[in-house]
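Subject: A structure for you to look at

Hello,

Here is the structure I promised to pass on to you. Have a look at it first, and then read on for what turned up in it.

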Amino acid sequence: KQWYQRRVAITAGVLAIDDIFDSKPAIMRAFQIAKNCTKSKREDVGADYIEFLEFKFFLLSLRQYFEYWVAFKRIDSDDDRRISLEEFTAAKDVMEIWVGAIEDLAGEFEKIDGNDGGLILFDEFCKWAIAKHLDLEDDDDAPDAERH
């Protein structure tokens, strides 16, 4: 019953709490970038918190990293929060919609895998997505996206 209720909430355009907790890597990346975007005026706690002037940047970053998280999850077919070469290769067609042509999949995979661990982690994927200007075809900034 819980699975069904969660699916109904998502298809109705509502974000379920499970989705928020599942998105922690995207939230953390946006937070880390936003909290360091300006020099803190509060020496006592400023470096560990988002201040008023950083909040808008946090929201913009959060939106972008959620998009990267959705793309990452679409490629990560076994849901282990890592992308293998097999998963990367299987997602070639959809990735080319997001970033353009990818000529050498194995070579591109090696470039993304910055720690040479044989798997692409979310932070590595984000660096690549930013460099490639990744844009999902069905996100809210798509020209034909339904507006509410």
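Which helix of the chain has the lowest mean pLDDT, and which has the highest? Please keep in mind that this is a predicted model. Among the elements of the chain, helix α1 (residues 2-11) comes out lowest with a mean pLDDT of 45, while helix α5 (residues 85-90) comes out highest with 98. Over residues 1-11 the pLDDT stays under 50, and the model has five contacts beyond four places in sequence for that stretch. Where pLDDT is low, the predicted coordinates should not be read in detail. For the chain as a whole, the average pLDDT is 83, and 76% of the residues score at least 70.

Now the overall layout. The chain has eight helices and zero strands, and its pattern along the sequence reads α-α-α-α-α-α-α-α. Of the 148 residues in the chain, 33% are buried. If you take contacts between residues at least 6 apart in sequence, 53% of them join residues at least 24 apart.

One such link across the sequence starts in helix α5, where L85 has its place. L85 and F109 are 24 residues apart along the chain, yet their C-alpha atoms are separated by 6.7 Å. Not counting residues up to four places away in sequence, L85 touches A106 and F109. L85 counts as partly exposed, at 32% relative accessibility.

That brings us to helix α7. Its buried residues are L105, E108, F109 and I112. They lie on the same side of α7, because they cover an arc of only 100° around the axis. E110 and K111 are exposed on the other side of α7. The buried residues of α7 pack against α5, α6 and α8.

Which residue forms a salt bridge with E108? The partner is K111, with 3.2 Å from N to O. Both residues lie in α7, three residues apart, which is about one turn of the helix. E108 is buried at 8% relative accessibility, whereas K111 is exposed with a relative accessible area of 63%. Salt bridges with shared partners join E108, K111 and K132 into one network.

The count of salt bridges comes to seven. Another of them is in helix α4, where R63 and E67 are four residues apart, or about one helical turn. Their closest N and O atoms are 2.5 Å apart. Here R63 is partly exposed at 28% relative accessibility, and E67 is buried with a relative accessible area of 5%. D80 and R82 also form a salt bridge, with 3.3 Å between the closest N and O atoms.

Helix α4 also holds E54, a residue worth finding on your screen. E54 is buried yet has no salt bridge. How far away is the nearest side chain of opposite charge? That side chain is K35, and it is 8.4 Å away. Because a salt bridge needs the nitrogen and the oxygen within 4 Å, the pair does not qualify at that distance. Leaving aside neighbours within four places in sequence, E54 is in contact with A34, K35, N36, C37, T38 and Y49.

Next, the aromatic rings. The structure holds nine aromatic pairs. One of them is F55 with F58, a tilted pair at 6.2 Å centre to centre and 35° between the planes. The two are three residues apart in α4, about one helical turn. F55 is partly exposed, with a relative accessible area of 43%, and F58 is buried at 12%. The pair W69 and F72 is stacked, because the ring centres are 5.8 Å apart and the planes are at 15°. W69 is buried at 4% relative accessibility, and F72 is buried at 0%. W69 and F72 also belong to one aromatic cluster, together with F88, F109, F122, F125 and W128.

Finally, helix α8 (residues 122-132) has F122, E124, F125, C126, W128 and A129 buried. What covers them includes α3 (24-35), α4 (52-75), α6 (92-99) and α7 (105-112). Just after α8, H133 takes a positive phi of about 60°.

Enjoy exploring, and write back with any questions.

Best wishes

How values were computed
Residues numbered from 1 in each chain as written. Predicted model: local features only at pLDDT ≥ 70, side-chain atom pairs only at ≥ 80, totals over all residues. Heavy atoms only, no water. Buried < 20%, exposed > 50% of the residue type's maximum accessible area, 1.4 Å probe, protein only. Contact = heavy atoms within 4.5 Å. Lys, Arg positive; Asp, Glu negative; His and termini not counted. pLDDT = per-residue confidence, 0-100. Arc of directions from axis to C-beta. Phe/Tyr/Trp six-rings, centres within 6.5 Å; stacked < 30°, edge-to-face > 60°.
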